[in-house]
Amino acid sequence: MQLSRLIVPLMRWLLLAALLASAGAFAAEPLHRQVDSLIAAKAKAAKQPLAAPADDAEFLRRAWFDFNGGIPGPDETRKFLADKSPDKRAKLIQHLTTPPRFAEQLAEAFNIQLMERNGDSDEWKRYLTESFRANKPWDQMTREILSPDFKDEKLRGAGYFITRRLDKVGQQDTDYPGLTRDAGRLFMGVDLQCCQCHKHLTVKDYKQVDFNGLFVAFQNTKLQSAGGDYKTAWVQEGPMTNKYEFISVLSSVKGATGPRVPLGVEVPLPDLAKDEIWAVPPDPKARKAGVPKFSPLKELAARLASPENPLFARNIANRVWWQLMGRGLVEPLDLQHSENPASHPELLDLLAKELTEHKFDLQWLVRELALTHAYQRASLLPAGAQSPPEELFTVAKERPLSAEQLARAFLAATGEHERVVGGKNWESIEGKKHTQKDFEKAFHAAFANAAKEPELNVNPTLRAALFLRNNDLVLWSLQRRKGNLMDRVAAQADAGQVADELYLAILSRSPVAEEKAELAKYLTKHAASREKALGHYAWAMLSSMEFFTNH
Amino acid sequence: MNPLCKPWEHATSRRQFLGASAGALAFGALGGMISPQAAEAMRKKEKQVLFVWLDGGMSQLESWDPKPNTEFGGPFRTIKTSVPGTHFSELMPQCAKQAHRLCVVRNIATKDNAHSSGVARIQRGDPKNRGVAYPFFGSSIAKLMGPTASKLPPYVWVKPGSGGFKTEDAGFLGPKYGSLAFGDGKPPEDLLRHASLTAEEDEERNELRDLLNKRYTAQRRPTYTEASSFVFDTARELMKRQNIFDTSKLPAKELDRYGRTEIGQHMLVARNMLEAGVRFVKVGSYGWDSHGDNFNASASLVPKFDRAFAAIVEDLAVTGLLENTLVIAMSEFGRTPRINGHVGRDHWPEAWSIAMAGCGLKAGAVVGATNDKGTDVKDKGHDIGAVFHTWFKALGIDSKKVEYDNNGQPLPLAHDEMEAIKEALA
């Protein structure tokens, strides 16, 4: 009896000490190692083998798409494959995640993710690019987007997130609820759509007040067209002195709220006398906008994009993870709540905490994740694994390539980049001079999702299949022309070298023996029309899944 | 359409609310599903649909439900049809000859008198609002019945103006169930085989692609490669039939019969597509919004429609396809009996007509009636929800039992408090 009284606490203490010691050792490790420990532990518990590391070629192509937005040239691929230094992957990541190109690539990815193909604005894209070039912290960017300064030349582009969504479409009402929903989804990972009229019926955490707390701040704005001090469309914020009242259509229970962070704090409304509401009173005669003393958007943005708001960090950590791994730790991306835990809860906690401590430095997080084994795993299933659960991250998932990435890769692969994008080497070439814009437009029409349809998965469509089969630009790129891929391979007599050239240029890898033999056989069969046959072979490679996914 | 719930449109039963939240969850949706057995059973019958959409609002008084010699009747006379006792406007001599094949419902009473909302509302069947955008009828059939054995895309839209892949009709089913639109009756860009390729070359390079894909996917998850093969196969089926889609090759004699008009040519393309096995063909015609000069407009428009519509009904009947093809001609509403100051007729959802024919319907029938002046329906009219139930029933789909599965939550196919129009069904 007495003994056990002593022993039990002692054992507890020992256990605690052991835990603390391991935690201490754990914490000293860089983030990417901690990530891999957590992934490996869970895979082991589920008795799922981890896929082998991606081979150098697969890794190289993946890293290029993710951090550069295109594919490496044949020479770069050769050089990387031949490099024997053990830290060549880390060096490549360091090299590729350096602005300016990396900043442009991040801007492109965030433009697609935040606007979901709903409109296009150079000013907005410039804002994103400049922000990533300066490695602006994500919380600051979020504040600039949700509470835009339309007078600042450098910041006004950020306002497009709001102004585009408030654009009138036909005779429909201004879509304040849609803007509210998107802000919740994209910046906090909570889709509050259902809570406009009543509490969420399947998600306990989402209350009507959560929707309306965001909604009230957006509904307090009015879209204005460019003019006067404003070079872009902008929004006029009105004063707010009272809480917004709402009623549940289910229970008829009433509620009221000021601006409020979903599942978080409410912004207290200031107690301003009527004549104190305006910092600058509006002047309708001079058509001058007023500036209210109290800006609900600014106050809300400050509290939403803050270390104090746990969902803010979790959302962006989850989205960056999705961007690099093809699947969020929490799925769907915009349904974070207590009853929908992450596949690896400790991992998401860890990413969110570390990202917050690193002052929301997204580029640091991207680099850390790129260094993980999880990111660098092969997309080939490990032997014996039939259909490993995606949420274990034991195998690299095939990811969609954006229309922009595809256009870039297509031009690079076919060797038409310099001509089309650079405008060079057009001498003595007949026919229309195709431009980068032509290609971007055509690839966008064929591969981008419809507006407001998030691009989350590989999505083969009939439209894209017809485009690849019959489009002029596609087939134009596969005609022999001075200096392009078809020119290079047509000049090559040896079938083995033709295979090397084609596979390196298009798929960024060397062909295996079987592939070389296949091509040789095919060329023998079509010896009479070799040039045309080469075009067909290249077409088959360019329209294959290996080319059209990020794997 | 604002996809968000509107409080005043909310229903009250618990099940319906489950439906509403389901719709909301279906963001980037997986789309609805019915049981595979049901889908298979439906496919075996190879039912098809021709849906003629007269955008802007055809006047029922100058077509299916004339009221000659009355206050609002207008200047046109009526003519006898092939069904004793049934009269159409004299602007429809050809349809009059096909009346024994038609089923005209004259007591349609719907709720929306604006184009902007009405067009979508009517084509979605105006079900109870559950916070989701319902699919148009064509997307619904594409989902419920899929392609026919022809493997051609299930939903094709022949229309004036732009073509391409139109996803907006699909609502919560997802863009996959949108339509393939033939703008100005022409095939969408890239549908026809590229001029630089022979059919053999095209086949061979495709086989190469299959080979590469097969090797690539051997040790990977098959999902995406399978999806890719499916769309490439569909593309191949479409391209194989390019003779149907090439409108420059329509025979002159048939063009004369359908009318050398936009709607005539489009209706002929539609007939070819139905014959080739497209599940659902929608033919669009614009310009029916005759607020001014209604009678001259009708005198010009109605005969063009009359000729084209009568020709396709006759052709489908002669080839035997009509038995399994549901044919529909309608607008978003009818037109006011009262003639306005511009000698026009305005929007009138209160009492108008829909013409149908074929599969599952009573032939030679006139269902319901309007009052003597045509200002209102006699007795109880039928809302669009009832019309949707009628169509589903005619196609052998029990819209009271089959439901969409929107990301795990059931949604009714059509307005759950309405019933099919029994008098119209065979």
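**Salt bridges, a buried helix and a two-domain chain**

Arg419(A) is buried, with just 2% relative accessible area (buried means under 20%, exposed over 50% and partly exposed in between, using a 1.4 Å probe and protein chains only). This is a predicted model, with residues numbered from 1 along each chain as its sequence is written, and local features need pLDDT of at least 70 while side-chain atom pairs count only at pLDDT 80 or more. Chains are lettered from A in the order in which they are written, and side-chain values use heavy atoms, leaving out hydrogens and water.

The partner of Arg419(A) is Glu416(A): the two form a salt bridge whose closest N and O atoms are 2.7 Å apart. A salt bridge here is a side-chain nitrogen of Lys or Arg within 4 Å of a carboxyl oxygen of Asp or Glu. Glu416(A) is buried too, at 0% relative accessibility. Things look a bit more mixed for Glu354(A) and Lys353(A), which pair up at 3.9 Å: Glu354(A) is buried at 13%, whereas Lys353(A) is partly exposed at 45%. Over all chains, the structure holds 75 salt bridges.

One of these pairs links Lys532(A) to Glu201(B), at 3.0 Å from N to O. Lys532(A) sits in helix 24 (residues 530-542) of chain A and Glu201(B) in helix 6 (residues 199-217) of chain B, so this pair joins two chains. Helices are DSSP runs of H or I with at least four residues, strands are E runs of at least two, and both are numbered from the N terminus. Lys532(A) is partly exposed at 39%, while Glu201(B) is buried at 18%.

Back in chain A, helix 16 (residues 403-413) has 8 of its 11 residues buried, so it is largely enclosed by the rest of the structure. Among the buried ones are Leu406(A), Phe410(A) and Leu411(A). After the helix comes Gly415(A), with a positive phi near 70 degrees.

Chain B is split into domain 1 (7-192 + 256-424) and domain 2 (193-245), with bounds that come from an automatic or database domain assignment. Their contact (heavy atoms within 4.5 Å) takes 12 residues from domain 1 of chain B and 10 from domain 2 of chain B. The two domains bury about 1100 Å² between them, 73% of it on carbon and sulfur atoms; buried area is the accessible area (1.4 Å probe) lost when two parts are put together, summed over both. As for salt bridges, the rule finds 0 across this interface.
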